[in-house]
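Thanks, everyone. I have one structure to go through this morning, and I will keep to the rings and a pocket. Here it is on the screen.

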Amino acid sequence: MTTARRFWIEFDPHECVDARFWRGVGVTGFDVRDCLSIVADLFPDGLLPPVHRITVDVSLADPLPVNPRYLGVSVWRGVWYPPVNLGIGPTRSIDRRGAPCDYPTPVTQSRPRRASETLCTKATWWDEIPHSGSLLWPLVNMHHTEYGRGMRSSATALRAACAADPTYGALVREALDFMIWWRPTPDEWFDPTETRFTDQRELDEYLRAFRDYLFGTRPEPIYPPGSEPLSPEDAWLDAISRLVVTRPGPVDAPGSERLSPDTEPRLPKNE
């Protein structure tokens, strides 16, 4: 008897116009053609966009590029992300006519590195954030206390990148929405950003302002503590403190009798 297996199918992001499938499709079926046919029923005229990657035997114990709260029933034959099978139940009929003739060779899943492992922190709530493993820059590193004032230029660049690439923007927005919903405590946020907020209200407001700046009409985000721009006087002092002034050593030109100020007088050879 053929056993059903879980597949994760990713489409070419430049050819897939349906936002439901930008991050991929989770489907359980007997083989690749069976799964592609099931997914084809979700597209107009049964035409699939070009398939970019197919992963076999995905484990739900490992992070997926989607929020695990939005999964259907993965043991049923059918599409479980988006959670289509919650409304229709298991798919019973078998019709492989919707499968394309050519598709990439399926690969077996290898466990991606978890965000908490990458960040070298004991806190595991970062692993719950959608796409956190591939979005550490906008979600964590940009907010790190050591980065400080650099966020003022990076936030502008990130906003432009999200607007230029809607697929990337959708991933960042979903992750930020999850973080806002999760409401990390100031201690959870401190580990590993090392940026300290005085209370929960201040941190909540900071995250909402960052999201609204990237995807709304807010003209500026709230910058983290320690990122305030320097005054002209402090900026000048900071620039001076970074200068390294060294005094060159004394050098006499070969054959020259001219002495550098710090050299010892030399006696003529006949003396």
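I start with a charge over a ring: Arg196 sits over the face of Phe190, 4.2 Å from the ring centre. There is another such contact, with Arg159 over the face of Tyr213 at 4.4 Å from the ring centre. Before going on, please keep in mind that this is a predicted model.

Next, the rings among themselves. How many aromatic pairs does a search of the whole structure find? The search gives nine. One of them is Trp8 with Trp80, a tilted pair with 6.1 Å between the centres and 45° between the planes. Trp8 belongs to strand 1, residues 5-11, and Trp80 to strand 4, residues 78-81, so this contact ties together parts 72 residues apart in sequence.

Are these two rings' residues buried or exposed? The cut-off for buried is under 20% relative accessible area. Trp8 has a relative accessibility of 3%, so it counts as buried. Trp80 has 0%, so Trp80 counts as buried as well.

Now to the pair formed by Phe11 and Phe43. The geometry here is edge-to-face, at 5.6 Å centre to centre and 80° between the planes. Phe11 lies in strand 1, while Phe43 is in the loop between helix 1, residues 32-40, and strand 3, residues 51-56; the pair therefore ties together parts that are 32 residues apart in sequence. On accessibility, Phe11 is at 5% and counts as buried. Phe43 is also buried, with a relative accessible area of 10%.

Further along the chain numbering there is a cluster: Trp126, Trp189, Phe197 and Tyr206 are linked by ring pairs.

That leaves the pocket. I am showing the second largest pocket, which has a volume of about 260 Å³. Its lining consists of 17 residues, and those closest to the pocket centre are Ser37, Ile38, Asp41, Thr91 and Ser93. Which elements give two or more residues to this lining? They are helix 1 and strand 4. Helix 1 gives the most, with three residues.

As for the chemistry of the lining of the second largest pocket, seven residues are nonpolar, six are polar and four are charged.

To tie the two topics together: strand 4 holds Trp80 of the tilted pair, and strand 4 is also among the elements that give two or more residues to the lining of the second largest pocket. That is what I have; I will take questions now.

Methods:
Residues numbered from 1 in each chain as written. Predicted model: local features only at pLDDT ≥ 70, side-chain atom pairs only at ≥ 80, totals over all residues. Heavy atoms only, no water. Phe/Tyr/Trp six-rings, centres within 6.5 Å; stacked < 30°, edge-to-face > 60°. Helix = DSSP H or I, 4+ residues; strand = E, 2+ residues; numbered from the N terminus. Buried < 20%, exposed > 50% of the residue type's maximum accessible area, 1.4 Å probe, protein only. Lys NZ or Arg CZ within 6 Å of the ring centre and 35° of its normal. 1 Å grid on protein atoms, 1.4 Å probe; cavity = no way out; pocket = protein on both sides within 12 Å on 5 of 7 lines; lining within 4 Å. Points joined across faces, edges and corners; volume = space filled by probe spheres on them. Nonpolar A, V, L, I, M, F, W, Y, C, P; charged D, E, K, R; others polar.
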